[in-house]
Amino acid sequence: MAEKILELENLAVSFATLEGEVEAVRGVDLSVQAGEILCLVGESGCGKTVTCHAAMHLLPSNGFIKEGTIKLCGQDITHYGEREMRALRGGTMSMIFQDPLGTLNPTMPIGQQIMEVLFKHQQMTRQEAKQRALEMLSMVGIEEPEARFDLQPHFFSGGMRQRCVIAAALAANPRLLFADEATTALDVTVKAKILDLLLAIRRQTNIAIVFVTHDLGSVARIADRVAVMYAGRIVEVGTAEEIFYEPRHPYTWGLLSSLPAFARENGELKYIPGMPPSLINPPAGDAFASRNPYALAIDYQKMPPFFKLSATHAAATWLLDKRAPHIKPPISMKAGYN
Amino acid sequence: MDNAIMLELRKVSQHFYIHKNLTVKAVDELDLTIRRGEVLGLVGESGCGKSTVARMIAGIYQPTAGELVFGGRGKPRVQLIFQDSAAALNPRMSVAEIILEPLRIQGQDYKSPAIRRRMAELMEQVGLAERLAGKLPGELSGGQRQRAAIARSLMVQPELLVADEPIASLDISRQAQIISLMQRLQKAYNFTLLFIAHDLSVVRYISQRTGVMLKGKLVELAPTEELFGHPEHPYTKALLSAIPVPDPLYERQKQILDYDTRQPLGREMCEKRPGHFVRVS
């Protein structure tokens, strides 16, 4: 049994706004093991980013953890203060974002930005830190790191900048990395290289990665497990094979069938009608019911529990209750259909 | 599709002069033929010049060299749809004013009941509820704004619609809606569609012919399934191998090909198979 790096238990996060309390995350259970890549997928506003920010204690001032616990390497960090979190961020846990320019200091040479992390988290001398920073740069695939060590971020292309961000995020040997839409803004060939870089780093360092994205193609390339989120809850979780080849939640069906790659095989491009519900006073039952063509009467009244389908696969839909009518999944992705 | 030529780009270039030592060749001696009624996809990575091509076709930029030659029916009515719908729509105009604006600019009687009926019909076709007519763009979602932009472009019955990354800034579930909407409208009105995107799977789904651009030039142009099934140019092969597909077992064993963009692209386009052009040295 591999070590559990991150465990979220019944995590609920809300934001206080003038319109009322926005229940952005509503009871998320999730765990990630060492060496595992977990992808969080869903539409914008489903709570995937907020879940990561809550785990890093990076919520904006009007956001708060309402319920639940966050454990990092077995330690409960739910009520850690800013000083304790600072020791963890960039040390044990790290995060990379969509926009590398927003993360990097535009006036500071790249090498120095990586050394900063090392000075903070690992009591290194200047010499050692520089050595480690150079190693990191070559690990993320930056050629001639010595020559580029003293360049500011604007000398680098978008893909190179994201590599520098990854180097800085991983410099202090974290156990857990959150990657929030880290490849979304990149071109396809660059995106493929960054995904492969993350896979290589995982092999070398056994780091756990939580990869947030709405690009299901990237998910297929790197995910060991996938959690599908909708309206602040996880609606289906399973291995990548289970989610792509045997999806059981109608929302997962909707997401997969809106992919052009799938539509080519099956004629028409499908899409999920309507909009996600407001999370100020969210609906009592299944939040997806109003957009779900397979919704049952009970979906409008009662939140579905998780139905276990295998040791790794579970979905929260009343369709899996033994009293529900049997519905054949409208999509059946097969391996190698490409 | 009657195969008649609508528009031909002949050795068209767009060179931007930055300062005395630097000229950016955004588009460089590009040859491209657009046929009446077809859906032509144009793909490439950022900076390859695809948006510049869109702007030259729409007449926003004048080519610095080369010429645009029109087919038998003369200069087509062109409309352009942009990626960022928030920036493309006037934030102080209501949806109705936005949709009617092209007619107002053209000096037509945009207040006539016939035009009003046509606007209501178009709004329904693009899936905008009638009650949204009085709303400002800021009150709409990204998908709704893109629908308004599409309705506006159709108001003047374009013969050629140039869509420059129309779905890149939309959420996943909205992307599929806008693509199938554009496809439906193209069939209903039979306009020619130039669809520009970096997402190759979308282009593969919607277009009949696809062109691949690199460094301001076309490197390959072919019927879409032919291009995706039998790519010839090494850059096309590399690009196609990089598209992630939603199939984990396939993705995990897939090899991504490398292409060094510093190598020469090849001098001219050559027809390898009927309709399949590849740049060769």
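Let me start with a definition: two residues are in contact if their C-beta atoms, placed from the backbone, lie within 7 Å. With that in hand, hello everyone, and please keep in mind that what we are looking at is a predicted model.

Let's apply the definition to chain B. Take the contacts in chain B between residues at least 6 apart in sequence: 66% of them join residues at least 24 apart. For chain A, among contacts between residues at least 6 apart in sequence, 66% again join residues at least 24 apart.

Now let me introduce the two chains. Chain A has twelve helices and twelve strands. Its radius of gyration is 21 Å, close to the 20 Å that the globule rule gives for 338 residues, so chain A is as compact as a globular protein of that length. If you lay the C-alpha trace of chain A along its principal axes, it spans about 65 × 45 × 40 Å. Of the 338 residues in chain A, 48% are buried.

Chain B has ten helices and eleven strands. How does its radius of gyration fit with a compact globule? For 281 residues, such a globule would have a value near 19 Å, and chain B has 20 Å, which agrees. The C-alpha trace of chain B spans about 60 × 50 × 45 Å along its principal axes. Buried residues account for 43% of the 281 residues in chain B.

Next, where the chains touch. Here 36 residues of chain A are in contact with 28 residues of chain B. Which elements of chain A give two or more residues to that side? They are helix 8 (188–205), helix 9 (216–222), helix 10 (240–245), helix 11 (250–257) and helix 12 (260–266) of chain A. By class, the side of chain A that touches chain B has 20 nonpolar, eight polar and eight charged residues.

Pause on helix 11 of chain A for a moment. This helix is mostly covered, with eight of its eight residues buried. If you want to find them on the screen, the buried residues of helix 11 include A:P250, A:Y251, A:W253 and A:L256.

Let's move to chain B and a group of helices there. I'll take helix 5 of chain B, residues 142–155, as our reference, and bring in its partners one at a time.

The first partner I'll show is helix 3 of chain B, residues 95–105. The axes of helix 3 and helix 5 of chain B come within 7 Å and cross at roughly 30°. Angles under 35 degrees count as roughly parallel, so helix 3 of chain B is roughly parallel to helix 5 of chain B. Their crossing is right-handed. From helix 3 of chain B come B:V95, B:I98, B:I99, B:L100, B:E101, B:P102 and B:L103, and they meet B:A148, B:A151, B:R152 and B:M155 in helix 5 of chain B. The residues of this contact divide into nine nonpolar, no polar and two charged.

Which residues of helix 3 of chain B are buried? They are B:V95, B:I98, B:I99 and B:L100. These buried residues pack against helix 4 and helix 5 of chain B. Here is a handy piece of background: an α-helix has 3.6 residues a turn, so residues three or four places apart point the same way. After helix 3 of chain B comes B:G107, whose phi is positive, near 75°.

Now for helix 4 of chain B, residues 113–126. Its axis and that of helix 5 of chain B come within 9 Å and cross at roughly 135°. That makes helix 4 of chain B oblique to helix 5 of chain B. The contact joins B:L122, B:M123 and B:V126 of helix 4 of chain B with B:R147, B:I150, B:A151, B:L154 and B:M155 of helix 5 of chain B. Sorted by class, it has seven nonpolar, no polar and one charged residues.

Last comes helix 6 of chain B, residues 172–189. The axes of helix 5 and helix 6 of chain B come within 10 Å and cross at roughly 15°, which means that helix 5 of chain B is roughly parallel to helix 6 of chain B. This crossing is right-handed. Among the residues that meet here are B:Q146, B:I150 and B:L154 in helix 5 of chain B and B:I178, B:L181 and B:L185 in helix 6 of chain B. By class, the contact has six nonpolar, four polar and one charged residues.

Thanks for listening, everyone!

How values were computed: Residues are numbered from 1 along each chain as its sequence is written. Chains are lettered from A and ligands numbered from 1 in the order in which they are written. This is a predicted model: local features need pLDDT of at least 70, side-chain atom pairs count only at pLDDT 80 or more; totals for chains, interfaces and linings use all residues. Axes are lines fitted to C-alpha atoms, for helices over the stretch in contact, and angles run from 0 to 180 degrees between N-to-C directions. Helices (H or I, at least four residues) and strands (E, at least two) are DSSP runs, numbered from the N terminus. Angles under 35 degrees count as roughly parallel, over 145 as roughly antiparallel, 65 to 115 as roughly perpendicular and the rest as oblique. A crossing is left-handed if the near helix is turned anticlockwise from the far one by less than a right angle, and right-handed if clockwise. Ala, Val, Leu, Ile, Met, Phe, Trp, Tyr, Cys and Pro count as nonpolar, Asp, Glu, Lys and Arg as charged, and the others, Gly among them, as polar. The radius of gyration is taken over C-alpha atoms; the globule rule is 2.2 Å times the number of residues to the power 0.38. A residue is buried if 20 or more other C-beta atoms lie within 10 Å of its own, exposed if 12 or fewer, and partly exposed in between; C-beta atoms are placed from the backbone.
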